[in-house]
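Student: Could we discuss how a protein model is read, from the overall fold down to a single residue?

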Amino acid sequence: MILVIPFFLSLCFLSYTNLIKFNFPYALCEASLSYWSEQQKIASYDIDKKEGEFSNVKHLSKNKKAIYVLVIGESTTRSHLGVYGHYRENTPNLTALRDELFIYDNVISPHAYSIGSLKKILTLNNFEQSSESSIVQLFNQAGFKTFWLSNQRPIGYSESLITKASKAADVYHYTNTAKTSFVTPYDEILFPHLEEALNDPSDKKFIVLHILGTHLRYKDRFPKEFEKFTAKPRSKFNSDLALKRRNNYDNAVLYNDYFVSEVISKVKDKLEESYVIYISDHGEELYGVRDFAGHLDDNPTKTMFEIPFILWKSEKFIENHNLSFESNRPYVLDDFIHSLSDLSKIKFDELELQKSIFSEEFKFKKRIVGMGIDFDNYDWKANETIKKE
């Protein structure tokens, strides 16, 4: 108690003198309070319950059986994928499948960091209301057996919200308990769990694969046999670190291409009404306009929001689903639940087809990302200041 009084008197003095924002004790208290507040907010949501608050949910497909798969990547910017025109062919498998794919080239994430994006991508109301419901709960209500298979960490501040949402699934597996700075399993560790899900006797299955993708420490995201790109890459930033990271990133993309194409192949072999949709939670800056690799909402670059959005469909799916495809539709993933529902022929009262990238009723809306940036009207070139690490 003797120490508490001086501590709070110091905080009062720092606040009065306007020095508080530079003070470590205050910053520590503020961060702790923010963390506690966020945890309380997360605890108040019922996104781990089997059913959400969707009204009159119905699956309208003519087929009695269905396998729908969502692959959520990590830190993958579309400009570094060969299938999107990157000068290196680091997506040979997806490129070979191009005729079977819907490849959208104007889709962005709502934030440039995982938890901010996924809070909006996976839910109906973007956590802007007092209650919330997730895509897992929607598929539960539509009569699907749901699976959440993750190579992301299930614990920690950044993961807690997504982990809670995943627990609404009938089956959930987490294969990664390592810290971000440690060597983690390669994403293929999920394949046995995927096989189990695909072989499950349930007629209708919705499977989410949440992968590490091309997340940070790029050199740890691919096995040795995928180390193809070792020559000097194209870059206006030519430090050893920049060149090494760009090579490692392209190799991580190469492995990511293998993973996604293998998922498509495994689903395709089931000969059911099925789809595989691949997105990333956000993009990445890779020494394109700054001397920097990574992502952040504070002072971001354009590529931190630009993501791949790729859809594969089986023949049975094509027979029963008519989709409106315009590759350049400007879309932001805070409306993703409407697109996924439309794609899956799941109808519910809250569905808004003007928010579905697959609908003829689609309407463009202003794309506000990050900390209030109007993505399509923002002067990105003026923001391309060189940031030293």
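Tutor: Let us begin with the whole. In this predicted model, 56% of the 389 residues are buried. The protein contains 10 helices and 15 strands.

Student: What share of the contacts with a separation of 6 or more joins residues 24 or more positions apart?

Tutor: Such residues account for 77% of those contacts. As for the surface, the protein exposes about 18,000 Å², of which carbon and sulfur atoms supply 52%.

Student: How is empty space located, and how much of it lies in the second largest pocket?

Tutor: In general, a probe the size of a water molecule is rolled over the atoms, and this shows where empty space is left. Here, the second largest pocket holds about 240 Å³ of space. It is lined by 15 residues, and those closest to its centre are Lys268, Trp312, Lys313, Ser314 and Glu315.

Student: Which elements supply the lining of the second largest pocket, and what is its chemical make-up?

Tutor: At least two lining residues come from each of strand 3 (101-104), helix 8 (240-268), strand 11 (309-313) and helix 9 (315-320). Helix 9 gives the largest share, 3 residues. By class, the lining has 6 nonpolar, 2 polar and 7 charged residues.

Student: Turning to a single residue, is Ser133 buried or exposed?

Tutor: The cut-off for buried is under 20% relative accessible area. Ser133 has 4% relative accessibility and therefore counts as buried. Ser133 sits in the loop between helix 4 (114-121) and helix 5 (135-141).

Student: Which backbone atom does the side chain of Ser133 reach?

Tutor: The Ser133 side chain reaches the backbone nitrogen of Glu53 at 2.7 Å. Beyond residues up to four places away in sequence, Ser133 touches Gly52, Glu53, Phe54, Leu122, Thr123 and Leu124.

How values were computed:
Residues are numbered from 1 along each chain as its sequence is written. This is a predicted model: local features need pLDDT of at least 70, side-chain atom pairs count only at pLDDT 80 or more; totals for chains, interfaces and linings use all residues. Side-chain values use heavy atoms; hydrogens and water are left out. On a 1 Å grid over the protein atoms alone, a cavity is a set of points where a 1.4 Å probe fits but cannot get out, and a pocket is an open set with protein on both sides within 12 Å along at least five of seven lines; lining residues have an atom within 4 Å of a point. Grid points are joined across faces, edges and corners, and a volume is the space filled by probe spheres set on the points. Helices (H or I, at least four residues) and strands (E, at least two) are DSSP runs, numbered from the N terminus. Ala, Val, Leu, Ile, Met, Phe, Trp, Tyr, Cys and Pro count as nonpolar, Asp, Glu, Lys and Arg as charged, and the others, Gly among them, as polar. Buried means under 20% relative accessible area, exposed over 50%, partly exposed in between (1.4 Å probe, protein chains only). Contact means heavy atoms within 4.5 Å. Accessible areas come from the Shrake-Rupley method with a 1.4 Å probe; for residues, only the protein chains shown count as cover. A polar contact is a pair of N or O atoms within 3.5 Å; within protein, one must be able to donate a hydrogen and the other to accept it, and residues adjacent in sequence count only if both atoms are side-chain atoms.
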